[in-house]
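Hi everyone, thanks for coming. Today I'd like to walk you through some charged side chains, so let me put the structure up.

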Amino acid sequence: MPQGRQLAAIMFTDIVGYTAMMQADEQKAVSVIKHYNATLEKLVTQHDGQVLNYYGDGSLCIFHNATDAANCSLAVQEELKKEPVVPLRIGLHVGEVFFEDAKALGDGVNVASRVQSLGQANTILVSAEFYDKIKNNSAFTSVSLGNFNFKNVGQPLQVFALTNAGLSVPQRKNIEGKLDPGQKNKKIIVVSLLIAVLVAAGFFSYQTFIARKSVTKPKDKSIAVLPFTDMSAAKDQEYFSDGLSEELIAAFARIPELKVAGRTSSFSYKGMNKDLKAIGDELSVSTILEGSLRKSGNQLRITAQLINTEDGFNIWSDTYEVELTDIFSVQDKITKAIITALNVHLLNNKEPEATASTSPDAYSNYLKARQQLSFRREHLLEAKRLFEEVIKLDPNFAPAHSGLARALTIFGNYLKVDNAKPIMDSAKLEANKALTLNPNNGEAWSVLGTIAAYYDWDWAAAEKAFGRSKTISPNDAEMYNFLGDYYWIVSDKKLAIEMESKAVELDPLLAVNYANLAMAYYMAKDYDNAIRISNVGLSMNLQSFIAAASWPPLVWSYLKAKQVDKAEEIVKKIPESDPLHIELATDIAIARGDKALAIANLQKMNRLHARSAEYYLQLEMWEQAAGEIEKAYASREVGLVYYSRITIPEDYADHPALKKAFNKPELKKLFELRRKNSGVQNN
C-alpha cells in the first residue's frame, strides 16, 4: 500500500443502477459484479495502475499519469460492453491522495467522486485538471459539459466528457449527481437571467452561457473549420463528417464580415494533433471550429465547439442528437451560433440563407460526391457519377447541380479531354439549373464565370457572373482563385494580384494559389515578386493539387530577370518524363539563342496548339504561330487565353497570317480589354 501523500491520476468508477439490478435479478447482478471486478483488476494492472479501494459497486484506482488512466478507462468501458454488460460510469481527476487506515483519502479523491457522479452508463467524465493533461493527445477526443457547483467543493468546476468511439456523452439537461443543494435554486436564477439576455442579444444556445468561456476576446472575426472527426463505430462516415465541415465552410463564406480559411488549408490538419494556437497562427485566424460526428443508422450525434486560438478556451459549444433528416437544421443552428458568438455583422441585417435540404440517401451521395471532387484527378469521374445519382434521387436539390457543374469545368485541368465544348455545355446547363432552383447559389455563378472566361470567351458575361458570386460568397477562396485568373486574362494586373492574394490569404496551404499569384505578378512584369511567391509555394512542399504549377512562372520570371542559370537549375529538378521539362527547357534554349534546339524540342512536344503558338511567336516564326493560333481558336483551347503568354497583336510583327489569326471576334474584344486595362493605345 502506498504511504504518505502522492500526486496521482485518480479513476473513480460506479455501476449505474446496481441496487435496482440486485433487487430485480440477484443472479444477473452477481455475474455483472464478477465481470466488473475481473475486468478492473486485469486492465488496471495492465495500464500500470492500482485498485486501492472498492466501495460496494464502485472503486478507486490510481495511476502514475493521466494518459495511462484515460487509456485504461477506454479499455474498461470497451470490455464491459461484452455480456454480461456492466453499465459503468467513470470519473477522472488529477490531484493529491493520502492514506489513512488503508484507505485513500484527500480532496483529489473527493473531486474524482463528484465528477463521476454526473455520468451515466458508458460515460467517461474528466475534470479540467485532467483534461489539461490529455488535450493535446489525438488519441482522446472530448467536449466540455460546462461548469458545475459540487457539494463540499468551494469553486465551480468545469467537466469534460470523452467522446471517443463507442462512448456515451450525457446531455447537460439530463445530468444529476453530487451537486451543491443550492445549485437548483441558483439554476432558476441563472435561467431567468439568461432568458432576459437571450431576448436582448438573440443568442441561439443556452449552452453558450454554461460552457467555459474564453477570457480573451478574439482579436478579429476570422475562423477555420477543422474537419469534424468521424466517431462512428465502424469509422466509415468520414465522407459525412468531412461533408459537414465543407458545408459549414461554404455557409460561413457567405458572411461578408467573417474571414474564413479555405477548405484545403483547414483540411490539411486532418488527423493531426497540433496546438490550436499554432494552427491559428498558420492560417491567420483567431477562432477554430472543431467537432465530431457519430452516425448510427439515421441517428446523428454532432458535437461542435468554437475555440479562441489565443488562450485555447471555448467561446461556444453544443451537442446535437438528431435524425439524419434534421442535419440541415443543425448546420443552420451552428452557423447562427457562430455569428452570434463572434458578433458578426449580417449583410442588410439578413440572416444567412437556410441550408438546402433533401432526402437522407441523396444527401449521403452528395457528401460522397463532394469528397471525390476535393480529391481532383481521376476522382472527378466518380464525383460526376455521384452528383448525377443525387440529381436522379432529387432533381430539385440545387447544390448537386452546381457541384456537378464545377466538376465538369475542371475536367480539362486533370483529365485528357479531346473536345471540351460538350462538357462545358453540360456544365453551363447544370449551373443554370442550380440557379433556377436557387438564384443565390454562389458556386453556380462562379462556374458560369469560369465557363464564360475560359471557354465561351464572353468577357462581359464572365465579369458579371463572378461579380454575383463574389456578392453571394464574399469569402470563398476558390471563387477568388478563378476571379483572379479572369483579371489576368484581361490584363487587369492590379485586380489580378489583389484577387489572387485574397485566395492565398483565405487558403494559405493550397499550393496552386501561390502559382496563380506568381503568374499574376509575372503578367504585371513584377518578376521579383513572381520569383518570391513561386519559391514560397514550392518551399512549402504541399501536396495540394498542382504544386508544379509554380514551375512555369518561376522559370519564366528568372528568364525575364536575365537569371538564365537559375532557371536552368529549376528545369534540371523536373523529371524528364514530365512534359513541363521539355517545355521549360525550350524556353531556356530560346533565351540562350539556340533556335535549332528550340525547334527540335518543339517537334518532340505533344502539346496543345496554343502553347506551340507561344513558342513560335518567341522564335518569330509568324506563319507557324498563326497556324497554331487558328487551330487553337477552332478547338476553343483554354490555353489560348488562360495561362498564356500571348499578349496583344501590336507586340508581334504585322504579318498577314498572324493578323488574320488574331482577327477573331472574341479575341478582338479581349485585346481591346487588355489595351484598356494596360493603358495601351490602339494604333
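What follows is a short tour of salt bridges in this protein. Please keep in mind that we are looking at a predicted model.

How many salt bridges does a search of the whole structure find? The count comes to 27. I've picked a few of them to show you.

Let's begin with Arg370 and Glu443, whose side chains form a salt bridge with an N to O distance of 2.6 Å. This one links distant parts of the chain: Arg370 sits in helix H12, residues 360-375, while Glu443 belongs to helix H17, residues 442-456, and the two are 73 residues apart. Are these partners buried or exposed? Arg370 is buried, at 11% relative accessibility, and Glu443 is buried too, at 16%.

Now over to helix H16, residues 420-437, where Asp425 and Lys421 are about one helical turn from each other because they are 4 residues apart. Their closest N and O atoms are 2.9 Å apart, and they form a salt bridge. Here Asp425 is partly exposed, with 36% relative accessible area, whereas Lys421 is exposed at 54%.

My last example is Arg645 with Glu614, a salt bridge with its closest N and O atoms 2.8 Å apart. Arg645 is in the loop between helix H28 (622-634) and helix H29 (656-662), and Glu614 is in helix H27 (residues 609-618), so this pair ties together parts 31 residues apart in sequence. Both residues, Arg645 and Glu614, are buried.

And there's a bit more to that pair: Arg645 and Glu614 join Glu583, Asp587 and Arg611 in a network of salt bridges.

That's my tour, thanks for listening!

Key:
Residues are numbered from 1 along each chain as its sequence is written. This is a predicted model: local features need pLDDT of at least 70, side-chain atom pairs count only at pLDDT 80 or more; totals for chains, interfaces and linings use all residues. Side-chain values use heavy atoms; hydrogens and water are left out. A salt bridge is a side-chain nitrogen of Lys or Arg within 4 Å of a carboxyl oxygen of Asp or Glu. Buried means under 20% relative accessible area, exposed over 50%, partly exposed in between (1.4 Å probe, protein chains only).
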